[in-house]
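Trainee: Could you take me through one part of this model up close, starting from the packing inside and working outward? I'd like to see how the pieces connect.

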Amino acid sequence: MAKLYFYYSAMNAGKSTVLLQSAYNYREQGMQPLLFTAAIDDRFEQGKIASRIGINAQAETFTKQTNLFDIISKARSNTNLDCILLDEAQFLTEKQVYELSEVVDKLSIPVLAFGIRTDFKGQLFEGSKALLAWADKLIELKTVCHCGSKATMVIRIDEQGNPIREGEQIVIGGNSSYMSVCRKHFKEAVID
Ligand SMILES: [Zn+2]
C-alpha cells in the first residue's frame, strides 16, 4: 500500500539530507524516484536539492500553480516511477497536498514530503497544515536548540542577531536568517 508521508521539523534538521539519502536508496534498489522542490527556493540554482553536508541532486520545481497530479501522471506514462520525494513541502497549497494524496490513492505511488512545520511567528505553513491533516504517516526529524532541548520552532534574525517579530511569512533573498529553537526560547525571543 502506497502512503503519504510527511517528514517535518524546524530548520537545519537535515531534511534535504534524509531526502537525498532516500533517493539514493531507491536508485540502489533499481527503483526510480522523482524529486521536486519549490521554485521559490533560490539559495541554489533552480531545480536542485542541496544538503548542507554537501550532496545535491537535480529536481523538478513546483510553484503554487503547478498541478502535481497531472505532472506525476504524465511522468509515469513515460517511465517507471516508484516514489515521489518532495522538498520544501511547507510551500505547497492545500490543493497540491490533495493532489499528492491522489497520487498515492489513484496511482499507488508513495509520496514522501519534507517540510518545516511552523514559520517564524509560530504559525503553520499552508502546506504543512494540510499535510499534518492528510498524511498517513508523520515523522519528526529532530534538531536541537542552543540550550540542548529539542528545537521545534523557528525564529528569524536580522544581521545583528536580533529576532524579527513582524513581516511576511516568506522572504526571498534579504539579509535575515533563521535559527531553530525550543518553544521556551521561541517565546523569549518572539513573544515576551
Ligand atoms: Zn532552548
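**The core and what surrounds it**

Mentor: Sure, let's start in the middle. The largest nonpolar core has 32 residues, and Ile-72, Ile-84 and Leu-92 are the ones that touch the most other members. Keep in mind that this is a predicted model. Several elements chip in with at least two residues each: the strands β1 (4-9), β2 (33-38), β6 (83-86) and β7 (111-116), and the helices α2 (68-78), α3 (94-107) and α4 (126-134). The top contributor is α3, which gives 5 residues. As a general point, nonpolar side chains in soluble globular proteins tend to be buried together.

Zoom in on Leu-92. Once you skip its neighbours within four places in sequence, Leu-92 is in contact with Phe-62, Leu-68, Leu-86, Val-97, Leu-100, Glu-126, Gly-127 and Leu-131. There is also a second core, separate from this one, with 15 residues, including Leu-20, Ile-49, Cys-83 and Leu-112.

Next door in sequence is Thr-93, in the loop between β6 and α3. Thr-93 has a relative accessibility of 13%, so it counts as buried, the cut-off being under 20%. With the same kind of sequence neighbours left out, the contacts of Thr-93 are Lys-64 and Glu-126. Glu-126 also turned up in the contact list of Leu-92.

Now for the sheet behind all this. Six strands, in the order β5-β2-β6-β7-β1-β8, make an open sheet with parallel pairing. At the edges sit β5 (60-62) and β8 (137-140), each of which pairs on one side only. From one strand to the next, the twist averages 25 degrees.

Let's walk across the sheet. Between β2 and β6 there are 4 bridges, in the parallel sense, and Leu-34 has Ile-84 as its bridge partner in β6. That is the Ile-84 we met among the best-connected members of the largest core. Then β6 and β7 run parallel, joined by 3 bridges, with Leu-85 partnered by Leu-112 in β7. On the other side of β7, 6 bridges join it to β1, again parallel, and here Tyr-5 stands opposite Leu-112. Put those together and Leu-112 is a handy landmark: it is the bridge partner of Leu-85, it stands opposite Tyr-5, and it belongs to the second core.

How well covered is β7? Of its 6 residues, 6 are buried. Coverage comes on both faces: Val-111, Ala-113 and Gly-115 are buried on one side, and Leu-112, Phe-114 and Ile-116 are buried on the other. One helix to look at here is α4, which lies across β1, β7 and β8 and runs at about 130 degrees to β1. The same helix, α4, is among the elements that supply the largest core.

Further along the chain there's another sheet to look at. Three strands, ordered β12-β11-β13, form an open sheet with antiparallel pairing. Its edges are β12 (163-164) and β13 (177-181); each has a single partner strand, so one side of each has no neighbour in the sheet. Strand β11 (residues 153-157) is joined to β13 by 5 bridges, the two running antiparallel, and Ile-155 finds its bridge partner, Met-179, in β13. Helix α5 packs on this sheet, touching β11, β12 and β13, and its direction makes about 30 degrees with that of β11.

That helix leads us to the metal. The zinc ion is coordinated by Cys-145 (SG), Cys-147 (SG), Cys-182 (SG) and His-185 (ND1), at 2.0 to 2.3 Å. The angles among the 4 donor atoms span 101 to 115 degrees, and the site is tetrahedral. For reference, the ideal angle for four tetrahedral donors is 109.5 degrees. Along the sequence, the donor residues follow the spacing C-x1-C-x34-C-x2-H. Cys-147 lies in the loop between β9 (143-144) and β10 (150-151), while His-185 is in helix α5 (residues 183-191), so this pair ties together parts that are 38 residues apart in sequence.

The two ends of that link have different surroundings. Cys-147 counts as partly exposed because its relative accessibility is 39%, whereas His-185, at 15%, counts as buried. Setting aside neighbours within four places in sequence, His-185 is in contact with Cys-145, His-146 and Cys-147.

Technical notes
Residues are numbered from 1 along each chain as its sequence is written. This is a predicted model: local features need pLDDT of at least 70, side-chain atom pairs count only at pLDDT 80 or more; totals for chains, interfaces and linings use all residues. Side-chain values use heavy atoms; hydrogens and water are left out. A nonpolar core is a set of buried Ala, Val, Leu, Ile, Met, Phe, Trp, Tyr and Cys residues joined through side-chain atoms within 4.5 Å. Buried means under 20% relative accessible area, exposed over 50%, partly exposed in between (1.4 Å probe, protein chains only). Contact means heavy atoms within 4.5 Å. Donors are N, O and S atoms within 2.8 Å of the metal (3.2 Å for Na, K and Ca); water is not among the atoms, so sites may look incomplete. Four donors count as tetrahedral if all angles lie between 85 and 135 degrees; four count as square planar and six as octahedral if opposite donors are over 155 degrees apart and all others between 65 and 115; anything else is irregular. Two strands pair if DSSP finds at least two bridges between them. Axes are lines fitted to C-alpha atoms, for helices over the stretch in contact, and angles run from 0 to 180 degrees between N-to-C directions.
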